[in-house]
Amino acid sequence: MDLARKRVMVTMYATQWCGVCRKARDYMEANRIDFMELDTDDNAVARERLGELNPRKTIPTFQIDELVYVGFREDIFEAKLDKAAQKHL
């Protein structure tokens with residue numbers, strides 16, 4: 001399962017000032033989860049894509065392969081990551 005999880009593309013739409021984004025970032029770094037972070041304050045393309053994924057444009061918003069997850073709770077994030085990883089087995 002570890003190899004399958006490494007194949008999952010995780011993108012986090014976030015800002016630097018968001019406390020929940022910081023918690024998610026710290027969690028992923030501490031758990032060695034590869035992710036790409038797009039700052040919606042500084043990047044107009046990321047802001048537009050965020051609106052397509054999450055019309056409310058709340059952050060953090062994650063794209064985990066084709067799954068979209070809004071907000072951050074460790075248990076829910078892990079479940080979404082595992083669900084996406086199943087497709088890479």
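User: How is the expected span of a helix defined, and what does helix α2 show?

Analyst: The expected span of a helix is 1.5 Å times one less than its number of residues. Helices (H or I, at least four residues) and strands (E, at least two) are DSSP runs, numbered from the N terminus. Helix α2 covers residues 19-30, and its 12 residues should therefore span 16 Å; the end C-alpha atoms are 16 Å apart, in agreement.

User: On what basis should these values be read?

Analyst: This is a predicted model, in which local features need pLDDT of at least 70 and side-chain atom pairs count only at pLDDT 80 or more, whereas totals for chains, interfaces and linings use all residues. Residues are numbered from 1 along each chain as its sequence is written, and side-chain values use heavy atoms, with hydrogens and water left out.

User: Which residues of α2 are buried?

Analyst: An α-helix has 3.6 residues a turn, so residues three or four places apart point the same way. Buried means under 20% relative accessible area, exposed over 50%, and partly exposed in between (1.4 Å probe, protein chains only). In α2 the buried residues are Cys-21, Ala-24, Arg-25, Tyr-27 and Met-28. Seen down the axis of α2, these fall within an arc of 165 degrees, so they line one face of the helix; the arc is that of the directions from the helix axis to the C-beta atoms.

User: What covers the buried residues of α2?

Analyst: The cover includes β1 (10-14), β2 (36-39), β3 (61-64) and α4 (74-86).

User: In which sense do β1 and β2 pair, parallel or antiparallel?

Analyst: Two strands pair if DSSP finds at least two bridges between them. For β1 and β2 the sense is parallel, over 4 bridges. Asp-39 in β2 is the bridge partner of Ala-14. The chain passes from β1 through α2 to β2 in a right-handed β-α-β crossover: with the strands pointing away from the viewer, the path from the first strand over the helix to the second runs clockwise.

User: Where does Thr-15 lie, and is Thr-15 buried or exposed?

Analyst: Thr-15 is in the loop between β1 and α2. Its relative accessibility is 1%, so Thr-15 counts as buried. Contact means heavy atoms within 4.5 Å. Beyond its neighbours within four places in sequence, Thr-15 is in contact with Cys-21, Arg-25, Asp-39, Thr-40, Asp-41 and Ile-59.

User: How are the elements of the chain ordered?

Analyst: The chain has 4 helices and 4 strands, running α-β-α-β-α-β-β-α from the N terminus.
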